[in-house]
Amino acid sequence: MKQVEQRVLGRSGQRVSAVGLGTWQLGADWGQVEEKAALSVLEAAVEAGVSFFDTADVYGDGRSERVIGRFLRERPDAAVMVATKMGRRVALDPDLYTLSNFRAWTDRSRRNLGVERLDLIQLHCPPTPVYSSDAVFDALDTLVEEGRISAYGVSVETCAEALTAIARPGTASVQIIFNPLRLKPLEAVLPAAAAAGVGIIARVPLASGLLSGKYTRDTVFSDDDHRTFNRHGEAFDQGETFSGIEYAKGVEAAAEFSALAAEGATPAQTALRWIIQQPGVTSVIPGARSPQQARLNAQAASLAPLPDETLKAVGELYDRWARADIHHRW
């Protein structure tokens, strides 16, 4: 197995690869992926040096967790940290974020993954009031004390939610949408996390595939792909799909970004390299639907740092194409 740069994930103290693997697409909402194909993606990622998988109990209603659990049983030599998430299988009601529910939810994830203790549990984009609840964070502390989890973090929709979570002394990590079309976390979230010793997991790093440069205005996604059914936020937060940017505008921005690709690198690899060289970022978690995608994503970690002129060009691109639509919302 190859080795990707390893970094400490905040207060968890655990080491993870700078490029991880997001597994939403192995569960649901990106079209169908057969279990054999999903296992081959996990295998390719590990062989390429990835040591960090991110999943959630809601991805395929546990399918993604179960596929990872099977992989870990079949590959006991794979030293992988698995982060999962909880809270989206029920109504988004702050009153449901209780210790008893947390126990039930984490017990289910432990069974799905086949582990005694979860490496990292994350609140999965809960209602905003949850981040200000002492009882919620006391309950998470109890899960650590009981040995159900090793550490906890949050997955957020907004920078304001991230900053509230970072202020909590037990928060190990914050997962946030961050990519060349979503720069707001640079202003306050990344500096605050670095100062507090909180890890940052960058999600939706390719803006739902836009930054691969492969899509056109005429690209058609399947009906069971969130890039069709959630384009305007019909099913969940609009920011989860194409990072919230209007699709046609995003295609134009992505074409411009493609021209910034590093020599010998794809636009997607360039986007991942840009993310992991931002101060404060621990790991980026692109998804992959094929072994080749998983390998190419992992290779982004070995690219040379992007030059200053590319970093400046990314900021200018964001200002032209995305700031007006995105900056004030997330």
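1. A residue counts as buried when its relative accessible area is under 20%, as exposed when over 50%, and as partly exposed in between. By this cut-off arginine 75, at 13% relative accessibility, is buried. The model under review is predicted, and the points below should be read with that in mind.

2. Overall dimensions. The protein chain has 330 residues and a radius of gyration of 18 Å, close to the 20 Å given by the globule rule, so it is as compact as a globular protein of that length. Along the principal axes, its C-alpha atoms fill a box of roughly 50 × 40 × 40 Å. The secondary structure comprises 12 helices and 10 strands.

3. Burial and surface. Of the 330 residues, 57% count as buried. The area that the protein chain exposes is about 13,000 Å², and 50% of it comes from carbon and sulfur atoms. Among contacts between residues at least 6 apart in sequence, 77% join residues at least 24 apart.

4. Sheet topology. Eight strands form an open sheet with parallel pairing, in the order β3-β4-β5-β6-β7-β8-β9-β10. At its edges are β3 (21-22) and β10 (283-284), each of which pairs on one side only. In general, strands of a sheet pair through backbone hydrogen bonds, either parallel or antiparallel.

5. Strand β5. How many residues of β5 are buried? Six of its six residues are. The cover extends to both faces: Met81, Ala83 and Lys85 are buried on one side, and Val82, Thr84 and Met86 on the other. Lys85 is thus listed among the buried residues of this strand. Strand β4 (residues 52-54) runs parallel to β5 and is joined to it by three bridges. Within this pairing, phenylalanine 53 stands opposite valine 82.

6. Strands β8 and β9. These strands, residues 171-177 and 199-203 respectively, run parallel and are joined by five bridges. Glutamine 175 has isoleucine 201 in β9 as its bridge partner.

7. Helix α4. Residues 134-146 form this helix, which lies across β5 (81-86), β6 (120-124), β7 (152-155) and β8. Relative to β7, helix α4 runs at about 135 degrees.

8. Salt bridges. The structure holds 21 of them. Three can be described with the accessibility of both partners.

   - Arginine 7 pairs with glutamate 5, with 3.0 Å between the closest N and O atoms. Arginine 7 is buried at a relative accessible area of 15%, while glutamate 5 is partly exposed at 40%.
   - Arginine 75 and aspartate 77 meet through their side chains at 2.8 Å, N to O. The arginine is the buried residue of point 1, at 13%; aspartate 77 is partly exposed at 46% relative accessibility.
   - Arginine 148 and glutamate 146 meet at 2.5 Å, N to O. Arginine 148 is buried, with a relative accessible area of 18%, and glutamate 146 is partly exposed, with 33%.

9. Salt-bridge network. Which residues are linked with Glu146 and Arg148 in a network of salt bridges? They are Arg103, Asp107 and Arg110. Glutamate 146 also falls within the range of helix α4, residues 134-146.

10. Alanine 298. This residue lies in helix α10 (residues 291-299). Is alanine 298 buried or exposed? At 4% relative accessibility, alanine 298 counts as buried. Not counting residues up to four places away in sequence, alanine 298 touches Val4, Val19, Ala48 and Val50. Glutamine 269, 29 residues away in sequence, is 8.5 Å from alanine 298, C-alpha to C-alpha.

11. Glycine 170. The position of glycine 170 is in the loop between α5 (159-166) and β8. Its relative accessibility of 27% makes glycine 170 partly exposed. Leaving aside neighbours within four places in sequence, glycine 170 is in contact with Arg11 and Tyr152. Alanine 151 is 19 residues from glycine 170 in sequence and 8.1 Å from it in space, C-alpha to C-alpha.

Technical notes
Residues are numbered from 1 along each chain as its sequence is written. This is a predicted model: local features need pLDDT of at least 70, side-chain atom pairs count only at pLDDT 80 or more; totals for chains, interfaces and linings use all residues. Side-chain values use heavy atoms; hydrogens and water are left out. Two strands pair if DSSP finds at least two bridges between them. Helices (H or I, at least four residues) and strands (E, at least two) are DSSP runs, numbered from the N terminus. Contact means heavy atoms within 4.5 Å. Axes are lines fitted to C-alpha atoms, for helices over the stretch in contact, and angles run from 0 to 180 degrees between N-to-C directions. The radius of gyration is taken over C-alpha atoms; the globule rule is 2.2 Å times the number of residues to the power 0.38. Buried means under 20% relative accessible area, exposed over 50%, partly exposed in between (1.4 Å probe, protein chains only). Accessible areas come from the Shrake-Rupley method with a 1.4 Å probe; for residues, only the protein chains shown count as cover. A salt bridge is a side-chain nitrogen of Lys or Arg within 4 Å of a carboxyl oxygen of Asp or Glu.
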